[in-house]
Amino acid sequence: MKYLPILGALLLSASPAVADDFLYLKCKQSVDMVITDLTTSKIVEDRTIDDISILKIDFSKKTMHDSRAELTVNFALKNKIATIIQKVDDDEVKLDDVTKIKLFPPYSNSSTGTGILKAKNQSSTHRAEGVCEEIDASVWDKSFKESES
């Protein structure tokens, strides 16, 4: 009986987003990208892009959904860091990408990857670093509905 207040304090201190198995994040990242022509080996484009992603993270399913995308991606969770590995090799593109997102404050993310745009005979490399902030579920819902339009 004397442990009941301690248990109650632990339950009340849990983040509501984590208690519901969902975490919503708005991530701002800077992406350095280099695109090279595979035939001539000349750099076609070398630029930095500022990007914002709004994420819905489902801990029970271990999936992440960017509000701009139709599908979710799976992630592995170790030491409260989500790792998303994406490998695509189809008729249009070949992509290898690894993204890591720290799922506790202060939230941060990083990504590195390479790709080949087969139709254009171009290769790309990218590196991204950013910070995230926790947001309300309604912000993700609104962003997702806007991207569907």
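Student: Why is aspartate 96 called partly exposed?

Tutor: In this predicted model, aspartate 96 has a relative accessible area of 29%. Buried would need a value under 20% and exposed one over 50%, so a residue in between is partly exposed.

Student: What makes the pair of lysine 87 and aspartate 96 a salt bridge?

Tutor: The closest N and O atoms of lysine 87 and aspartate 96 are 3.2 Å apart. The cut-off is a Lys or Arg side-chain nitrogen within 4 Å of a carboxyl oxygen of Asp or Glu, so the pair qualifies. As for lysine 87, its relative accessibility of 63% counts as exposed.

Student: How do you know that aspartate 89 and lysine 118 form a salt bridge, and what does the pair tie together?

Tutor: Here the closest N and O atoms are 2.6 Å apart, and the limit is 4 Å, so this is a salt bridge too. Aspartate 89 lies in strand E6 (residues 81-89), while lysine 118 sits in the loop between E8 and E9, so the pair links parts that are 29 residues apart in sequence.

Student: Are those two partners buried or exposed, or in between?

Tutor: Aspartate 89 has a relative accessible area of 54% and is therefore exposed, the threshold being over 50%. Lysine 118, at 35%, counts as partly exposed.

Student: Which residues are joined into one network by salt bridges that share partners?

Tutor: Asp51, Asp66 and Arg68 are joined in that way. The whole structure holds five salt bridges. Another pair to look at is arginine 47 with glutamate 45, whose side chains meet at 2.3 Å, N to O. Arginine 47 is partly exposed at 42%, and glutamate 45 is partly exposed at 27%.

Student: Now to serine 111. Why is serine 111 called buried?

Tutor: Its relative accessible area is 12%. Buried means under 20%, so the label fits.

Student: What makes the link between serine 111 and aspartate 97 a polar contact?

Tutor: Their side chains come together at 3.1 Å, and the distance test asks for N or O atoms within 3.5 Å, so that test is passed. Leaving aside neighbours within four places in sequence, serine 111 is also in contact with Val98, Thr99, His126, Arg127 and Ala128.

Student: Where does serine 111 sit, and how do you know that its strand pairs with E9?

Tutor: Serine 111 lies in strand E8, where it stands opposite alanine 128 in E9. Strand E8 (residues 108-117) and E9 share 10 bridges in the antiparallel sense; at least two are needed, so they count as paired. Strand E1 (residues 22-37) also pairs with E9 (residues 122-134), antiparallel over 13 bridges, and there lysine 28 stands opposite valine 131.

Student: What makes asparagine 79 and lysine 80 worth a look?

Tutor: Asparagine 79 has phi near 55°, and lysine 80 has phi near 60°. Most residues other than glycine have a negative phi, so positive values go against that trend. Asparagine 79 is found in the loop between strand E5 (76-78) and E6, and lysine 80 lies in that loop as well. Asparagine 79 is exposed at 64%, and lysine 80 is exposed at 56%. Asparagine 121, in the hairpin of E8 and E9 with four residues between the strands, takes a positive phi near 55°.

Student: Which peptide bond is cis, and where is proline 106 found?

Tutor: The bond from proline 105 to proline 106 is cis, with omega near -10°. Proline 106 is in the loop between strand E7 (93-102) and E8. For context, most peptide bonds are trans.

Terms used
Residues numbered from 1 in each chain as written. Predicted model: local features only at pLDDT ≥ 70, side-chain atom pairs only at ≥ 80, totals over all residues. Heavy atoms only, no water. Helix = DSSP H or I, 4+ residues; strand = E, 2+ residues; numbered from the N terminus. Buried < 20%, exposed > 50% of the residue type's maximum accessible area, 1.4 Å probe, protein only. Polar contact = N/O pair within 3.5 Å; in protein donor to acceptor, adjacent residues only side chain to side chain. Contact = heavy atoms within 4.5 Å.
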